[in-house]
Amino acid sequence: VRERLGNVLQEEDVLAAGCETLMRPHLIRPLVDRGCFATYGEGKHWFHETMTHGVTVPKPTFEQGLAMFAEAGGWASLAHPGYYWKDGVPILERLPALRELGLAAVELEYPYRSSSPELFSEEDEGDFLDALQEAGERIGLRFTSGSDAHFPADFDRVHGVAGPREKA
């Protein structure tokens, strides 16, 4: 990033305490906050167009991944399907084929509006979640929930700040 944007970001901007992973949002969000991009989408586009890494990580195919879950006695859930929908992927229509491959669940409860207000209006979120639930029920998928809370502030943003626990 320094080679492309100068000293815009510092290590502490992207490597938060307690965070063991570094993902694209950890780089893009601070750049948006500093005015390098007008929107997260603009930063994401720049990232895909200009950032190269030179490391190839072997990844299983979708089918192989589903088989690995089943072999281990688990079941797979598709996370954040609304983002596929927003990217133009006909995810609702593809669910039956994914189910045939071994997909067992889909993340139904997810804070799209609070996580990505630039992409999801209240109406968009409601329409998508209604359609997703109907499509999932029709083919017997389980439903999961997620907060996308990577940090305490994320959890507070989605669920509100929790007060002190009362002792029983």
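**Exercise 1. Place A149 and list its contacts.**

Solution. A149 touches D154 and F155, residues up to four places away in sequence being left out; contact means heavy atoms within 4.5 Å. This is a predicted model, where local features need pLDDT of at least 70, side-chain atom pairs count only at pLDDT 80 or more, and totals for chains, interfaces and linings use all residues. Residues are numbered from 1 along each chain as its sequence is written, and side-chain values use heavy atoms, with hydrogens and water left out.

Next, locate A149. It sits in the loop between β3 and α10 (152-159). Helices (H or I, at least four residues) and strands (E, at least two) are DSSP runs, numbered from the N terminus.

Then take the exposure. A149 has a relative accessible area of 32%, so it is partly exposed. The classes are buried (under 20% relative accessible area), exposed (over 50%) and partly exposed in between, with a 1.4 Å probe and protein chains only.

Last, take a distance. S115 is 34 residues from A149 along the chain, and their C-alpha atoms are separated by 9.4 Å.

**Exercise 2. Write down the chain's element pattern and its overall totals.**

Solution. Start with the elements. The chain has ten helices and three strands. Along the sequence they read α-α-α-α-α-β-α-α-β-α-α-β-α.

Now the totals. The chain has 168 residues, and 27% of them are buried. Its accessible surface is about 11,600 Å², with 52% belonging to carbon and sulfur atoms. That area comes from the Shrake-Rupley method with a 1.4 Å probe; for residues, only the protein chains shown count as cover.

Finish with contact range. Take contacts between residues at least 6 apart in sequence: 61% join residues at least 24 apart.

**Exercise 3. Assemble the sheet and set helix α9 against it.**

Solution. Order the strands first. The open sheet runs β1-β2-β3, with parallel pairing. Two strands pair if DSSP finds at least two bridges between them. The edges are β1 (77-78) and β3 (142-145), each pairing on one side only.

Go to one pair. β2 (residues 105-109) joins β3 in the parallel sense over four bridges. Within this pairing, E107 has T144 of β3 as its bridge partner.

Add the helix. α9 (residues 122-139) lies across β2 and β3, at about 150 degrees to β2. Axes are lines fitted to C-alpha atoms, for helices over the stretch in contact, and angles run from 0 to 180 degrees between N-to-C directions.

**Exercise 4. Is E125 buried or exposed, and what does its side chain meet?**

Solution. E125 belongs to helix α9. Its relative accessible area is 9%, so E125 is buried.

Its side chain makes a polar contact of 2.8 Å with the side chain of R113. A polar contact is a pair of N or O atoms within 3.5 Å; within protein, one must be able to donate a hydrogen and the other to accept it, and residues adjacent in sequence count only if both atoms are side-chain atoms.

Beyond four places in sequence, E125 is in contact with Y110, P111, Y112, R113 and F120.

**Exercise 5. Which residues touch the most other members of the largest nonpolar core?**

Solution. A nonpolar core is a set of buried Ala, Val, Leu, Ile, Met, Phe, Trp, Tyr and Cys residues joined through side-chain atoms within 4.5 Å. The largest has 19 residues, and L78, L92, L95, L103, Y112, F128 and L132 touch the most other members. α7 (91-101), β2 and α9 each give two or more residues to this core. A second, separate core of nine residues includes L9, V14, F37 and W46.
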